[in-house]
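Q: Before we look at any single feature, could you take me through this model slowly, giving the general idea behind each reading and then the case at hand?

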Amino acid sequence: MYGESGTGKELFAQSIHAESLRKNGPFVAVNCAAIPPNLLESELFGYVEGAFTGATRKGKQGLFEMAHRGTIFLDEISEMDTYGQSRLLRVLQEKQVMRLGDNKYIPVDVRVIAATNKNLLKVVEKGEFREDLLYRLKVLTINIPPLRKRKSDIRYLAQHFLVYYTNLYKKKNIEITEKAYSQLTTYEWKGNVRELMHFIERLVVISKNNVVSAQDMKEQLNENVFETNYLGEEAETNNHLQSEKEQILLTLRETHSNISQAAKLLGIDRSTLYRKLRNYEIEIKKAYK
């Protein structure tokens, strides 16, 4: 499954699962970029007692075992390290897993849906992704277009998010006029569904009236553009003052290596921060010493 960041790849994967014969089984979502390489194997395939320092006494079931007779969704598959790729390839071929530190195989019946926002053929050419794994995964390819290319979806998505956030924040019913909905289709939505979702959340939170007019919507969209540009200029200024690596280190010190807080301050998601930590060979535990 391929699509830009924020297009809703996990939602599509959940829909596939819900409409399949496996719908009564578990749906397990994994962000491959959010799990450090040294933990990926134990998270995906589990481990037995004493497998490594810090392992629980009873061992731990891996995510593939948890997804038995269901679906496992491997998001950002391109960020998996080469060793993890080789382990995954064997599991896909043999349909069984071996827990870390164990000597026996456990059969697993799992549908695997992998997703990425990168062109995997180019990643293969760079030597960063196994070609045999690519073709093992490439049984059926689904390309999810960005939101700007499926504008007819915007209204339905906005309505869904409006109901969700109105209930979440216990607000009175908010109505968006037809002309206001039309304003939404004029915006580019670079952040795709994710950006639209949080835009509607903000609209619900700050709305003082029960009706959102076209003018109200236009003002909020203009503000959204301003905020995006402002953050871009601010990041550019910071890059002139210090390198990206130094900026990451400084942020980690300020947040005492809290990944979620650091990613938020840097204006990136957790998976992107983990990738940058690997690229710059930054060890989290040493970041603020």
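A: Let us begin with a single loop residue, bearing in mind that the model is predicted. L21 lies in the loop between α1 (9–18) and β2, and at 90% relative accessibility L21 counts as exposed, because that value is over 50%. Although L21 and R69 are 48 residues apart in sequence, their C-alpha atoms are 9.6 Å apart in space.

Q: How should I read the length of a helix, and what span should the 13 residues of helix α4 have?

A: The idea is to multiply a rise of 1.5 Å a residue along the helix and compare the result with the distance between the end C-alpha atoms. For helix α4 (residues 82–94) the expected span is 18 Å, and the end C-alpha atoms are 18 Å apart, so the two agree.

Q: Which residues of α4 are buried, and what do the buried residues of α4 pack against?

A: An α-helix has 3.6 residues a turn, so residues three or four places apart point the same way. In α4 the buried residues are G84, Q85, R87, L88, L89, V91 and L92. The elements that these buried residues pack against are the helices α2 (37–45), α3 (63–66) and α6 (131–137), together with the strands β5 (70–75), β6 (96–97) and β8 (110–114).

Q: Which residue follows α4, and where is E76 found?

A: Here the thing to read is the sign of the backbone angle phi. K95 follows α4 and has a positive phi, near 55°. E76, which is found in the loop between β5 and α4, also has a positive phi, of about 50°, although E76 is not a glycine; at 11% relative accessibility E76 counts as buried. A further case is S257, a residue other than glycine whose phi is near 65°, and which lies in the loop between α11 (244–254) and α12 (259–266). With a relative accessible area of 13%, S257 is buried.

Q: How many aromatic pairs does a search of the whole structure find, and how is the geometry of a pair read?

A: The search finds 6 aromatic pairs, and for each the reading rests on the distance between ring centres and the angle between ring planes. The rings of F27 and F73 have their centres 6.4 Å apart and their planes at 20°, so this pair is stacked. The pair links distant parts of the chain, since F27 is in strand β2 (residues 27–31) and F73 is in strand β5, 46 residues apart. F27 counts as partly exposed at 24% relative accessibility, whereas F73 counts as buried at 0%. For Y187 and W189, the ring centres are 4.4 Å apart and the planes lie at 70°, so the pair is edge-to-face; Y187 counts as buried at 11% relative accessibility, and W189 is buried at 0%. In addition, Y164, Y165 and Y169 form one aromatic cluster.

Q: Where does the charged end of R155 sit?

A: The charged end of R155 sits over the ring of Y181, 4.4 Å from the centre of that ring.

Q: How is empty space inside a model found, and which residues line the largest cavity?

A: Rolling a probe the size of a water molecule over the atoms shows where empty space is left. In this model the count comes to 1 cavity of 30 Å³ or more, and about 30 Å³ of space lies in the largest cavity. The residues that line the largest cavity are C32, I35, P37, L40, E79, M80, D81 and R278.

Notes:
Residues are numbered from 1 along each chain as its sequence is written. This is a predicted model: local features need pLDDT of at least 70, side-chain atom pairs count only at pLDDT 80 or more; totals for chains, interfaces and linings use all residues. Side-chain values use heavy atoms; hydrogens and water are left out. Helices (H or I, at least four residues) and strands (E, at least two) are DSSP runs, numbered from the N terminus. The expected span of a helix is 1.5 Å times one less than its number of residues. Buried means under 20% relative accessible area, exposed over 50%, partly exposed in between (1.4 Å probe, protein chains only). Contact means heavy atoms within 4.5 Å. Rings of Phe, Tyr and Trp (its six-membered ring) pair if their centres lie within 6.5 Å; planes under 30 degrees apart count as stacked, over 60 as edge-to-face and the rest as tilted. A charge sits over a ring if NZ of Lys or CZ of Arg is within 6 Å of the ring centre and within 35 degrees of the ring normal. On a 1 Å grid over the protein atoms alone, a cavity is a set of points where a 1.4 Å probe fits but cannot get out, and a pocket is an open set with protein on both sides within 12 Å along at least five of seven lines; lining residues have an atom within 4 Å of a point. Grid points are joined across faces, edges and corners, and a volume is the space filled by probe spheres set on the points.
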